[in-house]
Structures are given as C-alpha cells and as structure tokens.
Number of protein chains: 2
Amino acid sequence: MSVSIQDVADRANVSISTVSRVLNRRNIVNEETRKRVESAISDLGYSPNVFARGLMLRKSHILGLVLPDLHGEFYSEVIRGANLRARELGYNLMISSVVAKDDGSELMAAVGDHGLVDGLAVMISEVNARTRATLEKIKIPLVVLDGDVEGVKHDSVVIDQRTGVVALLRHLIEDCQARRIVVVGGLETNIDTIERLEAYREVTDEAGIEVAAGDVYHLDYEYDTAFDLGVKKVREWARRRAFVFAANDEMAAGIVDAALAAGLSTPDDLPVVGFDDTRVATMTRPRLTTVRVPMSSMGAAAIDLLCQRVENPKRPAVKLSLETELVVRESCGAAAVAKS
Amino acid sequence: MSVSIQDVADRANVSISTVSRVLNRRNIVNEETRKRVESAISDLGYSPNVFARGLMLRKSHILGLVLPDLHGEFYSEVIRGANLRARELGYNLMISSVVAKDDGSELMAAVGDHGLVDGLAVMISEVNARTRATLEKIKIPLVVLDGDVEGVKHDSVVIDQRTGVVALLRHLIEDCQARRIVVVGGLETNIDTIERLEAYREVTDEAGIEVAAGDVYHLDYEYDTAFDLGVKKVREWARRRAFVFAANDEMAAGIVDAALAAGLSTPDDLPVVGFDDTRVATMTRPRLTTVRVPMSSMGAAAIDLLCQRVENPKRPAVKLSLETELVVRESCGAAAVAKS
DNA sequence: TACTCTACTGAAAGCGCTGTCATTTCTACT
DNA sequence: AGTAGAAATGACAGCGCTTTCAGTAGAGTA
C-alpha cells in the first residue's frame with residue numbers, strides 16, 4: 001500500500017506535477033526526466049490511487065452490469081462477452097444480479113447512484129413503474145439490454161427475435177408440415193415472451209394455422225418445470241400431431257425428455273424446437289433445432305456502447321439490433337442438412 | 001451528480017462535520033439537528049461520493065473475484081453464490097476472468113494493485129511461478145478458491161474432492177462390480193486433476209484394480225472434446241467392460257452420447273459417471289451418477305472469508321473445506337434407488 | 001460569582017491526485 | 001546586449017470526504 005506520487009517524485013527528484021505528467025502522457029516531459037520518473041515508478045512499484053484519481057477525474061473505469069438472474073448459460077455467456085470486451089477496453093466490470101424479491105430497482109440504485117461506476121448496463125426482463133423511476137434517476141450512461149424504457153435516455157442492445165422466431169416457425173410449417181404449434185413460453189409479463197408471441201401469432205395467422213386456447217403455456221425457463229408440464233401433456237400433444245416451440249433450449253430439453261419418459265420419441269412422435277442455441281441444444285438427443293442468439297455479443301455490444309457514451313456523452317442514443325439465426329438440427333424432423 | 005456534503009450542510013444550516021457525523025452515526029448529534037440534516041439529505045437526494053470516502057477510509061466495499069474462465073455452469077454458480085452473499089453483506093462484486101493467453105497474473109495485478117478492491121478471491125486452476133509471484137505482491141486480503149499457494153498468506157476455500165472421488169469409485173467397485181475404470185480427466189497440470197488422480201490410484205490399488213497405461217486421458221472439460229474421444233474409444237472400452245469416470249458432467253455427457261452414437265447404451269454397455277452435479281447431470285439420459293460439488297457455496301464462502309478478513313485483518317489464516325456428496329443416478333448401472 | 005463539566009458543533013487539516021498558472025531556463029533573433 | 005518566445009518544471013488550489021481539535025453554551029458545583 002501507500003507508495004504515493006510524492007514518494008515517486010522524491011526518488012526521481014522532480015515535483016509531483018512532473019510525475020503526474022509522465023503518468024498521463026500529456027504535455028511534454030523531457031526525455032531524460034521521463035526515464036528517471038519511470039524507473040522510480042517501477043522501482044517503487046507505484047501505481048496511482050484509484051480513489052484520488054476518481055475524485056479528480058470523475059471516472060472510475062468501472063462499468064456495471066445488472067442482470068435479472070445469474071442462472072443458466074444465457075447469462076453466463078452475456079457476462080463472458082462483457083468481461084472480455086471490458087478488459088479489452090481497459091475497463092473493470094462490476095456484476096450484480098437481482099436478488100430474491102427485489103425487482104432490480106434497489107440494486108440499480110445502489111450501483112448507479114454514488115458515482116462508483118462510469119456507466120451501467122442493465123438487462124430487465126420486466127419494466128414496471130418502479131424500475132422506470134429508478135432508471136430515470138440514473139445520471140450516468142445507461143445501456144438497456146433486451147428491452148426499452150420509454151422516457152429514459154439510453155442506448156440499447158436488442159436481439160432481433162422476430163426474425164428468428166419467424167424463420168423458425170416458417171421452417172416448421174413449410175419444411176416440416178407443422179399444422180399445430182404449442183408454445184412453451186416464458187412468463188407472461190416478460191418482454192421477450194410478448195415479442196415472440198406476437199411473431200408467433202403473425203406467422204400462424206398467415207399460414208392459417210389454428211391456435212387453440214390452451215396452446216400457449218407460461219413457464220419459468222427451467223428444465224424441470226418444462227419436464228413436469230411435458231409429463232402431463234406430451235401424449236395429448238403427440239395425439240394432436242403438435243410441434244412444441246419452447247422459449248429456451250432447457251425447456252425444450254425438458255419436453256424432449258418428458259416425451260421419452262412417456263415412451264414417445266422426438267421428432268417422430270413429438271417434434272420440439274428450442275431457442276438460444278446454448279450447449280444444451282447439442283447435448284440432447286436428438287439435437288435441438290433452435291434459434292441462435294448471440295449471447296456473448298450482447299454483453300460485448302453493451303460494453304461497447306457504454307464506453308462510447310462514457311467517452312462521448314453527447315452522442316445521440318443508439319439502438320443496436322443483433323441478428324438471430326435459425327439452426328436446423330434433428331429435433332424438428334426436417335431432413336437435417338445442417339452441421340454443428 | 002454533484003450534490004455534495006456542502007450542499008447538504010448549507011441546506012440544513014450546519015457544518016459539513018455535522019453532516020458527516022450524521023452519515024456515519026458516530027458521536028452524538030442532537031436529535032433535532034440530526035432530523036434536519038436527514039431531511040436535507042433526502043430532499044437533495046444526496047449520496048456520498050465513493051471516491052472521496054475511499055480516499056479517506058481506504059475502503060471501497062468492493063470485492064474482486066477472479067476466475068480462470070467463465071464458461072459453463074460451474075463458474076456461473078460460483079458467481080451466483082458470491083454475488084448473493086456479497087450483496088447480503090453490503091459489498092459490491094467485481095468479476096473478471098482470465099482472458100486468452102494470460103495466466104491470470106496480469107489480471108490479478110490489475111485488480112489487486114491499485115487499491116480499488118478491499119479483497120480479492122481468486123480461483124486458480126494452475127499455480128506457477130508467475131502467479132505465485134503476483135499473489136505474493138498483493139497486499140490486500142486474499143482468498144484462494146480450490147487451491148493453495150505456499151508462501152503466500154491467504155484464506156482458502158477448497159472442496160473435499162477426495163471424499164467424493166473415493167465414495168464414487170467405491171460405489172462403482174463395490175456396488176456396480178467395476179473391474180476397470182477409465183479416467184477422462186482435466187489437464188495434467190490442473191490441481192483438481194492431480195488430487196482426483198491420487199484418490200483414484202489409492203482406491204484402485206486398495207481394490208486391486210488394474211490400471212492400464214492408457215487408461216487416463218487428459219482433456220479440457222468440454223463436451224465436444226470428450227465426445228470426440230468417445231467416438232474413437234467407446235467400443236474398446238465397452239469390450240473391456242470398463243467404467244468411465246469423467247472429471248465433469250459435461251465430458252461425461254459427451255461420452256454417453258458418443259456411446260449412443262456408436263450404438264452402445266449407457267449403463268448397459270458402458271457405464272459412465274460425472275463430477276460436479278450440474279444440471280447437465282440430470283439432463284442426460286440416463287441421468288448421471290456424479291459427485292455433488294457445492295458450487296454456489298464456494299462462492300459464498302469465499303466472500304464470507306474475505307469480509308471477515310477485511311474487517312479483522314489479524315485473524316489467522318483459515319482453510320475452509322466443503323463437503324462433496326455422492327449422487328447415485330442411473331448412468332453407473334447400480335440399482336438406482338436415488339431420486340433427483 | 002467563578003469555575004468545571006458535559007453536550008454539541010465548527011474550523012481546518014489532510015487523503016493522493018490532476019490541472020492551472022507561474023516560474024525558470026534556454027535558444028533565437030533583432 | 002537585449003528581448004521574445006518556446007520548453008520544461010514547480011507551486012498550489014482544489015476534488016468531497018473524515019477526523020482531530022478547538023470552541024461555545026448551558027448546566028451543575030463550590
């Protein structure tokens with residue numbers, strides 16, 4: 001601890017101003033002096049105190065990332081992408097996830113308020129009045145992942161789910177002759193869910209596919225829950241020759257396994273497709289047809305936007321949309337040409 | 001931004017000292033004055049500047065967590081546990097993972113050096129001279145996860161792998177009549193791998209089980225690699241009536257699938273067991289017999305120890321060992337009484 | 001009345017750094 | 001020689017906070 005700029009200055013026989021100049025590579029410092037200072041720095045193992053620096057510069061080089069949860073590969077990949085990019089750009093990453101009952105307001109306030117982080121990336125699965133109010137108060141650069149908060153200035157990173165969902169469903173209908181598609185979706189209030197259901201309605205309408213009242217289920221993205229639902233429903237679904245469109249790969253895997261447990265096979269008796277293209281999708285047998293979501297790119301993009309805005313606060317708000325891609329494997333019963 | 005303690009003081013008609021006293025609940029401040037200050041604070045939406053505070057107190061209430069990688073459920077669960085506990089204790093978590101070629105030294109130095117974090121938890125899969133040198137230089141509280149660095153003072157959180165491995169292998173030998181056990185392990189230099197192999201040798205010796213020269217493989221914990229190895233080897237293994245002991249569930253899943261692809265079935269033709277008890281273990285068919293590792297507890301425990309040491313630096317070094325537990329499912333061919 | 005306590009509050013000194021402005025030294029030109 | 005300008009460096013004022021020390025006022029005591 002506690003080797004300060006003064007110590008360096010003393011050892012190099014210069015004033016602290018000069019040391020500071022060497023540190024910040026600004027103004028011109030005489031070649032020889034600079035060398036002297038630099039060797040004093042490395043001799044002493046000096047590194048500038050972040051607090052003092054932050055106090056002056058109002059910059060911490062820390063970025064915050066707030067996620068709704070940390071469970072599952074999805075978030076883990078977002079974090080991975082964010083971490084990588086942050087380090088490339090010379091920033092540190094502070095990660096928090098919403099805990100228990102809190103809807104994130106408390107957390108975002110805690111992280112965003114006291115000036116610790118230079119910018120905040122938040123992923124919100126559900127925008128309510130409280131979260132909006134909290135976000136409105138945040139005065140630092142803000143990037144919203146996978147959502148939009150009206151009335152609050154922020155950049156956003158969204159994934160173009162619509163295209164993915166449409167491609168997926170069209171594939172089921174056109175290439176696999178699906179005439180009925182059951183949806184095992186996320187929570188009703190979830191932004192993703194809403195968006196995907198819209199696309200679903202659109203495609204089914206367009207194709208003249210009947211959607212029965214009970215054809216849309218709202219679960220929690222967990223394998224187990226989907227498995228339990230599957231145990232009760234797979235026979236009925238199979239009887240009605242339905243396809244299952246699950247909102248993530250884990251739930252799809254749950255359905256596949258439930259079918260298997262019921263003596264049915266995928267895709268012959270019950271075709272199933274997933275979403276996200278996590279590793280789960282290639283670990284089930286048959287492997288899942290799914291939609292690839294660029295998870296780590298989301299994290300990286302969020303960090304990118306954040307840095308850009310930190311360095312140029314004036315820039316107009318940006319909305320970055322990331323492509324999704326249909327990945328055809330065996331679980332949907334199509335002649336699978338695809339590899340990977 | 002920028003409502004400072006002075007603004008609060010002005011509004012409450014007191015000096016900044018008094019505001020500070022109210023903030024820190026120390027000394028006695030007159031009841032009435034305190035109320036005035038408090039309402040000024042909330043009127044202004046004031047919250048103290050972390051940098052100024054950190055500069056004085058030498059405390060940031062930020063804890064660092066350095067992981068060797070972020071891929072996979074293992075790390076994601078560690079993070080989850082750490083995040084939860086950190087928030088409970090009022091600390092923020094800064095997470096970084098080693099990137100690309102770096103062995104972590106660079107990162108640990110970056111995080112640990114400049115006094116930003118109050119304490120550092122690191123998970124190192126491989127201790128080399130460079131990492132040791134880096135850790136020696138770190139002057140803040142240090143917790144090492146799943147390893148030990150001689151010569152450096154630190155607390156540690158380890159998992160008692162030995163017990164788990166022994167229980168697992170004994171189960172294979174005694175209850176499943178294994179006479180040959182092939183190991184699909186992690187990298188040779190990896191601490192975990194070494195520890196587990198020791199236990200493996202011990203148990204096989206004790207049971208008089210023959211270990212052929214080529215029976216131990218060193219892979220990278222990935223499903224794909226294990227699958228590829230499996231494709232080449234499963235027939236041979238099955239012919240020799242071998243059991244496969246994989247170092248994590250993902251590789252176990254890879255082997256199971258490779259067997260399936262070769263027309264063999266688990267456990268009948270090739271029993272396979274995993275390690276960690278991640279969700280993968282319950283997603284394969286058959287579900288994996290494995291050893292449960294308390295992943296999120298590791299994260300939580302690391303944070304606990306860190307906080308304790310931050311608050312009491314004198315405390316002698318502590319080594320916390322977390323239990324592992326054998327989880328018997330169907331992949332090993334035992335009469336599975338177990339649930340979940 | 002004079003003095004001592006107690007209870008509270010304010011003034012001011014930094015914490016380690018950056019950035020402005022002043023100062024010094026040196027070179028170039030009249 | 002005298003002066004202007006450029007180049008290099010130093011002195012110093014904060015950034016927003018905590019904390020020590022020094023008041024001040026009122027109550028209690030002799």
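This passage describes how two protein chains meet each other and two DNA strands, and then looks at one sheet region of chain B. The model is predicted, with local features requiring pLDDT of at least 70, side-chain atom pairs counted only at pLDDT 80 or more, and totals for chains, interfaces and linings drawn from all residues. Residues are numbered from 1 along each chain as its sequence is written, while chains are lettered from A and ligands numbered from 1 in the order in which they are written.

A convenient place to start is the relation between the protein copies. Chain A superposes on chain B by a rotation of 180 degrees with 0.1 Å of shift along its axis, at an RMSD of 0.2 Å (a least-squares fit on the C-alpha atoms of residues with pLDDT of at least 70 in both copies). The two copies are thus related as by a two-fold rotation axis. Of the interface residues of chain A, 100% are also interface residues in chain B, so the copies meet through the same surface (contact means C-beta atoms, placed from the backbone, within 7 Å).

Turning to the DNA, 28 residues surround strand D, the closest being Asn30(A), Thr33(A), Ile5(B), Ser20(B) and Ala52(B) (a residue is near a strand if its C-beta atom, placed from the backbone, lies within 6 Å of it). Helix H2 (16–24) and helix H4 (50–57) of chain A, together with H2 (16–24) and H4 (50–57) of chain B, each give two or more residues to this surface; helices are DSSP runs of H or I with at least four residues, and strands are E runs of at least two, numbered from the N terminus. H2(B) provides the largest share, 6 residues. By type, the surface near DNA strand D divides into 14 nonpolar, 12 polar and 2 charged residues (Ala, Val, Leu, Ile, Met, Phe, Trp, Tyr, Cys and Pro count as nonpolar, Asp, Glu, Lys and Arg as charged, and the others, Gly among them, as polar).

Around DNA strand C there are 27 residues, of which Ile5(A), Ser20(A), Ala52(A), Ser17(B) and Thr33(B) come nearest. Here the elements giving two or more residues are H2 and H4 of chain A and H2 and H4 of chain B.

Finally, in chain B, strand E4 (residues 142–145) pairs in the parallel sense with E3 (residues 119–123) over 4 bridges and with E5 (residues 155–159) over 3 bridges; pairing requires at least two DSSP bridges. Val144(B) stands opposite Ser156(B) in E5(B).

Note on methods: Contact = placed C-beta atoms within 7 Å.
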